[in-house]
Amino acid sequence: MANVHDLDLPVVDLRSPEYEADAIGTWRAARDRSWIARTATGFAVLTHAEARTILKHPDFQVTFTYVDPAYSEYLHERQKHGLMASNGPRHVRLRGVAVRALRPHIVDALREPMRKIMDELLDAALVGDTCDIVAQITDPYPARVMTPILGIPSEDLPEIDRWASDSVMIFDVARLKELAPRIEASGREFDAYVAGLIERRRNDPGSDVISELIRVYDQDGKIDEAELRMLVGSLIPAALDTTRGQLGFTMESFVRHPEQWTRFVRQPELAERAVEEGLRFAPSVSGISHIALRDTSIRDVDFPAGSVVVVYPRSANHDAAVWEHADEFDVGREPQLHFTFGFGAHACLGAQLARIEMAEALSAMAARVATWELAGDVPHQPMSSNGNRLALPVRFTLQDAS
Amino acid sequence: MRVLIDLDRCQGHGQCAQIAPDVFALGDDERAYVLVEDVTDARHGDVDDAIVMCPEAAIAWPS
């Protein structure tokens with residue numbers, strides 16, 4: 001057995017220009033040498049089998065102690081009490097409450113409105129022969145779908161948008177020290193907004209998710225006021241920011257692989273698989289951090305208590321041991337477990353909703369657009385963070401009207 | 001009523017076994033199994049939650 005700290009491991013620099021230009025290729029090169037690599041923020045788990053093992057391992061726990069209290073006491077405390085940082089019975093109880101918003105009859109009833117909203121966005125975007133898929137289609141879509149469901153007035157969206165964009169910077173572990181003041185200022189504004197929103201909905205309840213959570217709080221006493229605020233505060237960015245990020249990545253994959261778009265247009269029944277392949281191939285998630293609660297070992301490597309290991313979907317989702325031609329975008333692929341929604345006890349609560357939301361979006365686009373062609377650069381957030389696409393300029397052709 | 005798990009979809013997240021450990025358990029093959037022939041009325045609520053929470057949409061009541 002060898003202590004992980006003593007091993008000669010590949011080193012990956014998440015702040016390097018190479019990583020910024022080709023994160024998936026950088027991981028591939030490291031994965032060819034080892035199942036684990038060293039980074040500035042912990043040990044990176046590169047392979048599918050080991051990622052699965054660690055995400056389920058009782059000796060490893062999701063860790064969200066990213067923000068050093070020296071950078072921001074406020075963010076540190078906030079993370080400590082969040083859903084991702086809770087474990088065991090408290091975690092099961094909180095998820096049990098949050099999930100009321102996601103019952104199948106609620107989610108299924110959303111298909112029609114989703115399609116209608118996407119069609120409206122397409123009416124506006126598919127004029128002439130060029131558009132920006134991110135700015136005009138994939139970015140506004142989840143917000144338009146989710147605000148009525150959440151019970152958020154649509155005029156609050158621009159502000160929420162700004163807070164949400166700032167909040168995801170917290171995943172940019174490598175730059176946290178410099179970003180912390182901005183994230184904290186934004187976080188405080190957002191928390192005050194959430195408290196006010198809960199009051200508004202309490203006085204004027206509707207059939208929306210936030211009103212439902214308030215009812216659960218007022219009637220069952222299953223959660224306390226701080227937990228109610230935390231759940232509402234988690235739900236808003238989860239519903240608005242994650243799906244638009246992933247849809248941007250998925251559409252970029254299609255634009256860069258036009259033959260796969262043609263195939264999908266001819267076989268619209270591939271929608272579910274296309275969604276899954278988009279999630280696998282180009283995840284909008286950087287890393288999922290875990291900490292060793294006690295001395296433990298994986299394969300032949302010892303991890304002392306306190307070791308931080310980070311599962312990177314951009315590596316594990318491309319493991320050739322699991323997927324043939326793993327670096328090819330292939331919308332006909334048989335779906336298998338990928339890590340874009342995480343895995344195990346903390347796996348994304350909204351995965352089913354997000355899949356339906358993305359399938360409806362892709363299907364609506366495939367019904368109208370025959371081809372996409374990249375027509376400019378694709379600026380994006382740092383890949384050491386989630387790397388969300390900020391623009392996707394394209395030239396398009398529409399299907400024959402016949 | 002019986003509850004069904006689609007083993008082609010199940011990836012062994014284990015969320016169902018956390019919510020309703022008397023109804024679901026993870027097998028040695030890392031797939032979830034139903035422990036009971038008949039889910040009592042008192043357990044319907046937790047099984048409904050397990051259906052919603054399953055990240056792979058692998059659990060369902062018979063249609």
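These are my notebook entries on a predicted model, covering a helix pair, some salt bridges, a buried glycine and a few backbone angles.

**Entry 1: helices α7 and α9**

I began with helix α7 (residues 111–125) of chain A and helix α9 (residues 140–150) of chain A, whose axes come within 10 Å and cross at roughly 140 degrees. Since angles over 145 degrees would count as roughly antiparallel, I have entered α7(A) as oblique to α9(A). The crossing of α7(A) past α9(A) is right-handed. I then listed the residues that make the contact: α7(A) contributes M114(A), I117(A), M118(A), E120(A) and L121(A), while α9(A) contributes P140(A), Y141(A), R144(A) and V145(A). Sorted by class, this contact of α7(A) with α9(A) has 7 nonpolar and 2 charged residues, and no polar ones.

**Entry 2: the surroundings of α9**

How much of α9(A) is buried? I find that 8 of its 11 residues are buried, so I describe the helix as mostly covered. The buried residues of α9(A) are Y141(A), P142(A), A143(A), V145(A), M146(A), T147(A), I149(A) and L150(A). Looking for what they pack against, I noted α7, α8 (133–138), α10, α12 (209–220), α13 (225–256) and α17 of chain A. Just after the helix α9(A) comes G151(A), which takes a positive phi of about 90 degrees.

**Entry 3: salt bridges**

Over all chains I have a count of 37 salt bridges, and I followed three of them residue by residue.

The side chains of E178(A) and R15(A) form a salt bridge, with N to O at 3.6 Å. E178(A) belongs to helix α11 (residues 176–203) of chain A and R15(A) to the loop between β1 (2–3) and α1 (17–21) of chain A, so this pair ties together parts that are 163 residues apart in sequence. With a relative accessibility of 54%, E178(A) counts as exposed, whereas R15(A), at 41%, counts as partly exposed.

In the next pair, D119(A) bridges to R368(A), and the closest N and O atoms are 3.3 Å apart. D119(A) is in helix α7 of chain A, whereas R368(A) sits in the loop between α17 (351–366) and β10 (369–374) of chain A, so parts that are 249 residues apart in sequence are tied together. Here D119(A) is partly exposed, its relative accessible area being 26%, and R368(A) likewise counts as partly exposed at 24% relative accessibility.

The third pair is R162(A) with E189(A), a salt bridge of 3.1 Å, N to O. Helix α10 (residues 157–167) of chain A holds R162(A) and helix α11 of chain A holds E189(A), so the bridge ties together parts that are 27 residues apart in sequence. The relative accessible area of R162(A) is 40%, which makes R162(A) partly exposed, and E189(A) also counts as partly exposed, at 37% relative accessibility. I also recorded one network, in which salt bridges that share partners join E199(A), R202(A), D218(A), E225(A) and R229(A).

**Entry 4: G387**

Is G387(A) buried or exposed? It counts as buried, with 0% relative accessibility. I located G387(A) in the loop between β10 and β11 (393–398) of chain A. Leaving aside the neighbours within four places in sequence, I found G387(A) in contact with F249(A), R314(A), H380(A), Q381(A) and P382(A). I checked R93(A) as well: from C-alpha to C-alpha, G387(A) and R93(A) are 32 Å apart in space, and they are 294 residues apart in sequence.

**Entry 5: positive phi outside glycine**

I finished with two residues that have a positive phi although neither is a glycine. R299(A) has a phi of about 50 degrees and is found in the loop between β7 (296–298) and β8 (301–303) of chain A. Its relative accessible area is 54%, and I therefore list R299(A) as exposed. H325(A), with a positive phi of about 45 degrees, lies in the loop between α16 (313–316) and α17 of chain A. At 53% relative accessibility, H325(A) counts as exposed too.

Notes
Residues are numbered from 1 along each chain as its sequence is written. Chains are lettered from A and ligands numbered from 1 in the order in which they are written. This is a predicted model: local features need pLDDT of at least 70, side-chain atom pairs count only at pLDDT 80 or more; totals for chains, interfaces and linings use all residues. Side-chain values use heavy atoms; hydrogens and water are left out. Axes are lines fitted to C-alpha atoms, for helices over the stretch in contact, and angles run from 0 to 180 degrees between N-to-C directions. Helices (H or I, at least four residues) and strands (E, at least two) are DSSP runs, numbered from the N terminus. Angles under 35 degrees count as roughly parallel, over 145 as roughly antiparallel, 65 to 115 as roughly perpendicular and the rest as oblique. A crossing is left-handed if the near helix is turned anticlockwise from the far one by less than a right angle, and right-handed if clockwise. Contact means heavy atoms within 4.5 Å. Ala, Val, Leu, Ile, Met, Phe, Trp, Tyr, Cys and Pro count as nonpolar, Asp, Glu, Lys and Arg as charged, and the others, Gly among them, as polar. A salt bridge is a side-chain nitrogen of Lys or Arg within 4 Å of a carboxyl oxygen of Asp or Glu. Buried means under 20% relative accessible area, exposed over 50%, partly exposed in between (1.4 Å probe, protein chains only).
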